[in-house]
Amino acid sequence: MLTSRKILIVEDRGDLLDLLGEALALLGWETILAESGREALDKLERETPSVILMDIRTPVMNGIKLAASLKAHPAYKNIPILAASGHSGGLTRERCLALGYDDFISKPLALPELEMRLTNILSVERLKTIRATDPVNLESNRRERSSRGADRRRVA
């Protein structure tokens, strides 16, 4: 089960921001709302969400610049980001992944799909954490690195 369901929603349309906040709160999410990239950064200084739902087109700092800034920041780089856009302008899921997002969803948003994508992102992040800190995996990774090093030495 997920340990945290805190979400930062970045959306410049106030009506949609409020609607998303209310809908996700009814589904058990603790919501943090921001209408711009700048406001999102301000909110991140006070609260740490487990995931970010971000409109790609936001004022002051667009979603692409914000995602790049977050992924380059040591305190925020591991927070998964779900991109949302109604005007994809050629942005595909693959392009969003290359830009630093963890997933992409098209607007209009369907609540069941949004909930599924958010849950999937958090599950993947949880598995990464478990794998990175599990003593069995750590030992296995050490042995694997050690054997690769031995292979390189034999080739040289």
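This is a short walk through one protein model, from its confidence to its helices and then to a few individual residues.

Hi everyone, thanks for coming. Please keep in mind that the model is predicted. The average pLDDT is 83, and 78% of the residues score at least 70. Confidence peaks in strand E2, residues 30–34, at 97. At the other end is helix H6, residues 135–155, where the mean is 56. I'll leave H6 alone from here.

Let's start with helix H1, residues 14–26. With 13 residues at 1.5 Å a residue, H1 should span 18 Å, and its end C-alpha atoms are indeed 18 Å apart. Its buried residues are Leu-16, Leu-17, Leu-20, Gly-21, Ala-23 and Leu-24. After H1 comes Gly-28, with a positive phi near 100°. For context, most residues other than glycine have a negative phi.

Next, helix H2, residues 37–46. Which of its residues are buried? They are Gly-37, Ala-40, Leu-41 and Leu-44. These cover an arc of only 100° around the axis, so they sit on the same side of H2. The face turned away from that side carries Glu-45 and Arg-46, both exposed. And what do the buried residues of H2 pack against? The partners are E1, E2 and helix H3.

That brings us to H3, residues 63–72. At its start, a side-chain oxygen of Asn-62 comes to within 3.0 Å of the backbone nitrogen of Ile-64. Gly-63, Leu-66, Ala-67 and Leu-70 are the buried residues here. Looking down the axis of H3, you find them within an arc of 100°, so they line one face of the helix. Lys-65 and Ala-72, on the other side, are exposed. The buried residues of H3 pack against H2, strand E3 and E4.

Now for my favourite part, a few single residues. Glu-11 sits in the loop between strand E1 and helix H1. Is Glu-11 buried or exposed? Its relative accessible area is 3%; the cut-off for buried is under 20%, so Glu-11 counts as buried. What does its side chain do in there? One thing is that it reaches the backbone nitrogen of Arg-13 at 3.1 Å. Another is a polar contact of 2.5 Å with the side chain of Lys-107. Setting aside neighbours within four places in sequence, Glu-11 is in contact with Leu-16, Leu-17, Ala-34, Glu-35, Asp-55 and Lys-107. Two of those, Leu-16 and Leu-17, we met as buried residues of H1. Glu-11 and Met-54 are also worth a look: they are 43 residues apart in sequence, yet their C-alpha atoms are 6.4 Å apart.

Let's follow Lys-107 a step further. A cis peptide bond joins Lys-107 to Pro-108, with omega about 5°. In general, most peptide bonds are trans. Pro-108 is in the loop between strand E5, residues 103–106, and helix H5, residues 111–133.

Lys-107 also leads us to Ser-85, in strand E4, residues 81–85. Ser-85 counts as buried because its relative accessibility is 3%. Beyond residues up to four places away in sequence, Ser-85 touches Asp-55, Ile-56, Phe-104, Ile-105, Ser-106 and Lys-107. Asp-55 and Lys-107 are on the contact list of Glu-11, and they turn up again here for Ser-85.

That's my tour, and I'm happy to take questions.

Methods. Residues numbered from 1 in each chain as written. Predicted model: local features only at pLDDT ≥ 70, side-chain atom pairs only at ≥ 80, totals over all residues. Heavy atoms only, no water. Helix = DSSP H or I, 4+ residues; strand = E, 2+ residues; numbered from the N terminus. Buried < 20%, exposed > 50% of the residue type's maximum accessible area, 1.4 Å probe, protein only. Contact = heavy atoms within 4.5 Å. Polar contact = N/O pair within 3.5 Å; in protein donor to acceptor, adjacent residues only side chain to side chain. pLDDT = per-residue confidence, 0-100. Expected span 1.5 Å × (residues − 1). Arc of directions from axis to C-beta.
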